[in-house]
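Please open the structure in your viewer and keep the selection panel at hand. The tour below proceeds one selection at a time.

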Amino acid sequence: MHLFSGSVGGRRGRAKTTILLLMSVVFFMLFAGNAAAQKRFSKSYPAGGESVRLELVNKSGTVTVIGWNRPEINITATLEAPAATVVPQNLSGKIVVNLVRDNAGRGEIGNVNFTIRVPYYTAVDIETVIGNLNVSNISSTLVRAHVSSEGDITLTNISAAGVSADNITGDILFDGELRPGGYYRLQSMKGTISIRIPIPSSFKLVATAPSTRNINLGAFDGGSMRPLGNGRRIVGQSGDGSASLQVTNQQGSIQFIRR
Amino acid sequence: MDSDLDEVRAQDIRDHLAACEPCAKVCEELAAIVDVCRTEPADEIVPPNSQALWCRINNIIESEIKPEPPLPQIEEPRRRIWRFSLPQLAAAVVFIALVSSLLTVLAIRNYRTPPADDYLSRSPESQTLAERLMAKVGLVDTPQKAREKRLAEQQAVIDYWNKRVQERRSQWDARMREAFDRNVNIIDQSVNDYTVILQQNPDDEITGEMLDSALDEKTSLLRQFAEL
């Protein structure tokens with residue numbers, strides 16, 4: 001019984017070992033295949049001056065820009081096959097990466113996913129043809145994010161004098177504060193636009209959602225806010241109205257969230 | 001008479017004087033004068049009365065000169081300002097002050113009009129008085145005309161970029177082509193909706209503004225894909 005049991009146990013053990021080995025081989029092959037299909041790009045630039053600017057034009061893929069407390073810009077990118085050419089330029093404090101220009105006439109190129117760390121005071125101007133754009137922890141003069149076709153835009157912990165975010169299909173989230181005298185423009189054709197700002201915030205609002213008429217002001221409702229055009233637009237002022245906030249969503253909804 | 005001529009010439013003249021009475025008479029008179037001058041001393045010749053002679057000459061000349069017609073009197077231009085009476089001047093000053101005040105108020109009101117929507121997307125109801133006046137005299141287009149003009153311009157730009165896109169489209173990968181088509185359809189859907197609404201209600205400001213914005217989005221999309 002014991003021997004029999006031992007023999008059965010030995011067979012089971014061998015089977016387990018074989019399965020584990022086979023799984024390891026499959027996992028290794030998958031991982032190796034994936035690694036072979038991707039390239040990695042990494043480069044750092046000093047950013048000592050006060051006026052630092054990042055300009056990035058991507059073709060497809062996700063771009064993530066994160067502000068940090070170091071006078072340095074660090075660009076890392078994973079390039080899917082067929083790998084795109086990435087040639088950043090350092091123009092005296094302005095870092096320019098333009099994949100559309102650098103890969104013009106190449107036809108198909110794979111996704112390029114960027115993660116870029118910049119000094120928190122950097123002016124950020126990024127755009128892509130397809131893909132998501134994420135910007136966080138920036139306190140500067142400008143944050144601009146533009147998606148030519150489809151992709152979500154997520155702006156988190158932003159304090160900038162000028163913010164512009166627009167896409168055709170996809171959601172837009174602005175999470176941050178509105179500076180006095182600042183100008184904020186969020187625009188989408190189809191998606192949901194969310195604005196997460198603290199109370200109190202001072203701004204003049206023009207919010208338009210002509211198709212859905214779904215404009216939820218949340219805690220900012222009331223006061224001088226008034227609907228126009230049978231609820232397709234809401235205009236009004238919060239606080240002393242020192243900032244200007246313009247939100248347009250042609251086929252989607254708009255919502256305000258207390259920060 | 002002075003025997004200065006040669007014989008042949010003198011004979012010719014004598015023959016002529018014999019045949020021509022007027023010349024002979026002149027010759028006799030001259031001969032008489034010459035004889036007097038030769039025979040009488042110079043101081044005995046009576047001098048002519050030069051003063052009387054000049055008086056006569058002067059009278060003849062004056063009688064021959066016709067008197068000129070009198071020149072029309074040119075009136076000195078009068079200064080028009082002196083034609084106004086004091087009450088008239090006061091009324092003019094008040095009128096100018098009123099008109100300039102009115103224009104100033106209009107200008108300030110126009111300046112303060114919230115720029116939430118531009119002139120293209122405005123309806124006739126929301127036009128300011130100054131704009132209406134200017135539109136009436138043809139200085140500016142009405143909002144509807146301005147919108148039509150703008151739409152025609154936008155359509156021309158869209159046609160241009162659309163042509164460029166069709167040339168480049170074959171070089172895109174399948175994913176790009178699909179994304180482009182999907183997003184153009186989304187924009188076109190909005191454009192069609194807005195066009196229908198504006199046909200029913202041409203004065204709908206918000207729809208006019210949204211149509212303008214949607215066409216701008218389409219232009220931007222076409223331009224960016226044309227550059228791929």
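Two strands are said to pair if DSSP finds at least two bridges between them. That term will be needed at the second stop. Please bear in mind throughout that this is a predicted model.

**First selection: chain A**

Select chain A and colour it by secondary structure. The chain contains two helices and 18 strands. Of its 259 residues, 39% count as buried. Consider next the contacts within chain A between residues at least 6 apart in sequence: 56% of them join residues at least 24 apart.

**Second selection: strand β2 of chain A**

Now select residues 53-60 of chain A, which form strand β2. How many of the eight residues of this strand are buried? Seven are, so the strand is largely enclosed by the rest of the structure. A residue counts as buried here if 20 or more other C-beta atoms lie within 10 Å of its own.

Keep β2(A) displayed and add residues 94-98 of chain A, strand β6. In which sense do β2(A) and β6(A) pair? The pairing is parallel and runs over five bridges. To inspect one of the partners, label A:Leu56 and look across to β6(A), where its bridge partner is A:Val97.

Then add residues 123-130 of chain A, strand β8. This strand also pairs with β2(A) in the parallel sense, here over seven bridges. Label A:Arg53 and find A:Ala123, which stands opposite this residue in β8(A). While the side chains are shown, one general point may help: in a regular strand, side chains alternate between the two faces of the sheet.

**Third selection: chain B**

Hide chain A for the moment and select chain B. Its secondary structure consists of eight helices and zero strands, giving the pattern α-α-α-α-α-α-α-α along the sequence. Chain B has 228 residues, of which 13% are buried. For contacts in chain B between residues at least 6 apart in sequence, the share joining residues at least 24 apart is 62%.

**Fourth selection: where the chains meet**

Restore chain A and select the residues at the contact between the chains. Here 19 residues of chain B are in contact with 22 residues of chain A. On the chain B side, highlight α7 (174-200) and α8 (205-226), each of which supplies at least two residues to the side that touches chain A. Which helix of chain B gives the most to this side? It is α8(B), with eight residues. Colouring the chain B side by residue class shows ten nonpolar, six polar and three charged residues.

Key: Residues are numbered from 1 along each chain as its sequence is written. Chains are lettered from A and ligands numbered from 1 in the order in which they are written. This is a predicted model: local features need pLDDT of at least 70, side-chain atom pairs count only at pLDDT 80 or more; totals for chains, interfaces and linings use all residues. Two residues are in contact if their C-beta atoms, placed from the backbone, lie within 7 Å. Helices (H or I, at least four residues) and strands (E, at least two) are DSSP runs, numbered from the N terminus. Ala, Val, Leu, Ile, Met, Phe, Trp, Tyr, Cys and Pro count as nonpolar, Asp, Glu, Lys and Arg as charged, and the others, Gly among them, as polar. A residue is buried if 20 or more other C-beta atoms lie within 10 Å of its own, exposed if 12 or fewer, and partly exposed in between; C-beta atoms are placed from the backbone.
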